[in-house]
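Reader: I have a structure open on my screen and I'd like to know what stands behind the labels people put on it. Can we go through them one at a time?

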Amino acid sequence: MTTAHQHAVEREIQRLLRLGASRPGALPLPDHHDLWDAFARASGGGKRFRPSLLLSTHQALGGAREPAAVQVAAALELLHTALVVQDDVIDGDQVRRGVPSLPGGIAADARGRGTAPADAQRLGDAAGILAGDLGLIAAMRAIARCEAPAPVIERLLDLFESTLHATAAGELADVRLQLGPAHGAVVLREALAVAELKTALYSFQLPLRAGALLADASPEVLAALDEIGSLLGIGFQLFDDLLGVFGDERLTGKSALGDLREGKRTALIAHASTTDSWDALQPLLGRADLGEAEARRARDLLTSGGSRAWVEDLARWHVTSAAETAERHELPPGLAVALDLATAEILRAADLTLPTTAPTDAAPVRRRAERPAEQGLPA
């Protein structure tokens, strides 16, 4: 994304936020102002990765609808903020990018006014749900009003709506997985399916396809971009799962204890359940009072059992396969550059993890899992 595009997207985001602030007119209560103001703050500070991918795709494919592309890119950023805010409610995350999340900030303000912690958190969660709803409505309206021909707008609306349905399914499946057993190949495959629905679709396939639709790309190019977006998105989510446990909090701005305390059924944990480290690891997962010393022990077991390396290898396989797919389809050079930048951004996550350490009080743990390829997964 060029500097000019970046400034154009920021101006459009701010225009949409001002529009949302004024939308209900004068109200007898301050709650809408407080809610939308919190949403506007939550929309700041991001890398604008998804708008950049959309605009780069549109430009690389020879698109001539730059104003519409900027408008849709800004709408995509509002959609991203809305989904992140609601994800923070679902996951109970109080911190985002090193600062309080929207629900966390609302709850903290309420506690500061003397509200009981449980009631304050209920208020924060309600604000997160409602702010996310308003953000989604604003995003869809912006797409419906963008400066593209009516048939293109209709295809964009279909794309965004179908993506939201699939993302909602992925979010619910992510919660459902926490309720069942943490082990087995089925859980591992479902964790990868969640990564595709929850992350790959809206973070990669959506911006790639939206940019291509605005450029009137051929069905063959659209299909290739869908495949590439799926591979990149799963790779991205797998690295994010690693950061959730092994991330350096000074660099990521998020806790590396949350996923362990929740016992989240990520591919990392699902794989660990197939190793000999599982019996020692399982009692450490899902404990709200998990301390740093116990977390280090869990990380050691995930490392010595091979799960950390396995997930990192799988993430790299997906990212590398995306690059190979792009090369196979002989996409335009400009688009190849944009995909290379996206790939580099994903792989940079590896630099945000803590150094690999081996436990000093135990011999290396032998994996009892089959090779990934033999489990029906990429090697």
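Reader: Which helices each supply at least two residues of the lining of the largest cavity?

Author: Those are α7 (150–177), α8 (185–214) and α9 (219–246). The biggest share comes from α8, with 5 residues. Bear in mind that this is a predicted model.

Reader: What makes that space a cavity rather than a pocket?

Author: The test is whether a 1.4 Å probe fits but cannot get out; an open set of points would go under pockets instead. With a cut-off of 30 Å³ or more, the count comes to 1 cavity. The largest cavity holds about 120 Å³ of space. It is lined by 14 residues, and those closest to its centre are Asp174, Ala191, Val194, Gln237 and Asp241.

Reader: How is that lining made up by class?

Author: It divides into 7 nonpolar, 2 polar and 5 charged residues. Asp counts as charged and Ala and Val as nonpolar, so Asp174 and Asp241 go with the charged residues, and Ala191 and Val194 with the nonpolar ones. Gln is in neither of those lists, so Gln237 is counted as polar.

Reader: And the largest pocket, what is its volume?

Author: About 1500 Å³. Its lining runs to 48 residues, with Arg96, Phe236, Asp240, Thr252 and Lys254 nearest the centre. By class you get 14 nonpolar, 13 polar and 21 charged residues.

Reader: Arg96 rings a bell. Which residues does Asp88 touch?

Author: Once you skip residues up to four places away in sequence, Asp88 touches Asp93, Arg96, Ser101 and Pro103. A touch here means heavy atoms within 4.5 Å. Asp88 itself has its place in helix α4 (residues 66–91).

Reader: Why is Asp88 called buried?

Author: Because its relative accessibility is 2%, and buried means under 20%. His318 gets the label for the same kind of reason: its value is 7%, which is under that 20% limit. You'll find His318 in helix α15 (residues 307–328).

Reader: Now the rings. Why are Trp36 and Phe39 called stacked?

Author: There are two checks, since a pair of aromatic rings is described by the distance of the centres and the angle of the planes. A search of the whole structure finds 3 aromatic pairs. For Trp36 and Phe39 the centres are 4.9 Å apart, and the limit for a pair is 6.5 Å. The planes are 25 degrees apart, and under 30 degrees counts as stacked, so the label holds.

Reader: Where do those two sit, and are they buried or exposed?

Author: Both are in helix α2 (residues 31–42), 3 residues apart, or about one turn of the helix. Trp36 is at 5% relative accessibility and Phe39 at 0%, so both are buried by the 20% limit.

Reader: What is Phe39 in contact with?

Author: Leaving out neighbours within four places in sequence, Phe39 contacts Leu17, Leu78, Thr81, Ala82, Leu102, Ala131 and Gly135. Take Gly135: it is 96 residues from Phe39 along the chain, with 7.7 Å between the C-alpha atoms.

Reader: Which residues form an aromatic cluster?

Author: Phe49, Phe204 and Phe236 form one. Phe236 is also one of the residues nearest the centre of the largest pocket.

Reader: How do you know that the charged end of Arg308 sits over the ring of Phe246?

Author: The distance to the ring centre is 4.3 Å, and the rule asks for CZ of Arg within 6 Å. The rule also wants CZ within 35 degrees of the ring normal, and the pair is listed as sitting over the ring.

Reader: What makes the phi of Asp216 worth pointing out?

Author: Most residues other than glycine have a negative phi. Asp216 is no glycine, yet its phi is near 55 degrees. Glu330 also has a positive phi, of about 50 degrees.

Reader: Where are they, and why are both called exposed?

Author: Asp216 is in the loop between α8 and α9, while Glu330 lies in the loop between α15 and α16 (333–347). Exposed means over 50%. Asp216 has 52% and Glu330 has 70%, so both pass. Gly114, in the loop between α5 (102–112) and α6 (117–144), is exposed too, at 63%.

Conventions. Residues are numbered from 1 along each chain as its sequence is written. This is a predicted model: local features need pLDDT of at least 70, side-chain atom pairs count only at pLDDT 80 or more; totals for chains, interfaces and linings use all residues. Side-chain values use heavy atoms; hydrogens and water are left out. Helices (H or I, at least four residues) and strands (E, at least two) are DSSP runs, numbered from the N terminus. Buried means under 20% relative accessible area, exposed over 50%, partly exposed in between (1.4 Å probe, protein chains only). Rings of Phe, Tyr and Trp (its six-membered ring) pair if their centres lie within 6.5 Å; planes under 30 degrees apart count as stacked, over 60 as edge-to-face and the rest as tilted. On a 1 Å grid over the protein atoms alone, a cavity is a set of points where a 1.4 Å probe fits but cannot get out, and a pocket is an open set with protein on both sides within 12 Å along at least five of seven lines; lining residues have an atom within 4 Å of a point. Grid points are joined across faces, edges and corners, and a volume is the space filled by probe spheres set on the points.
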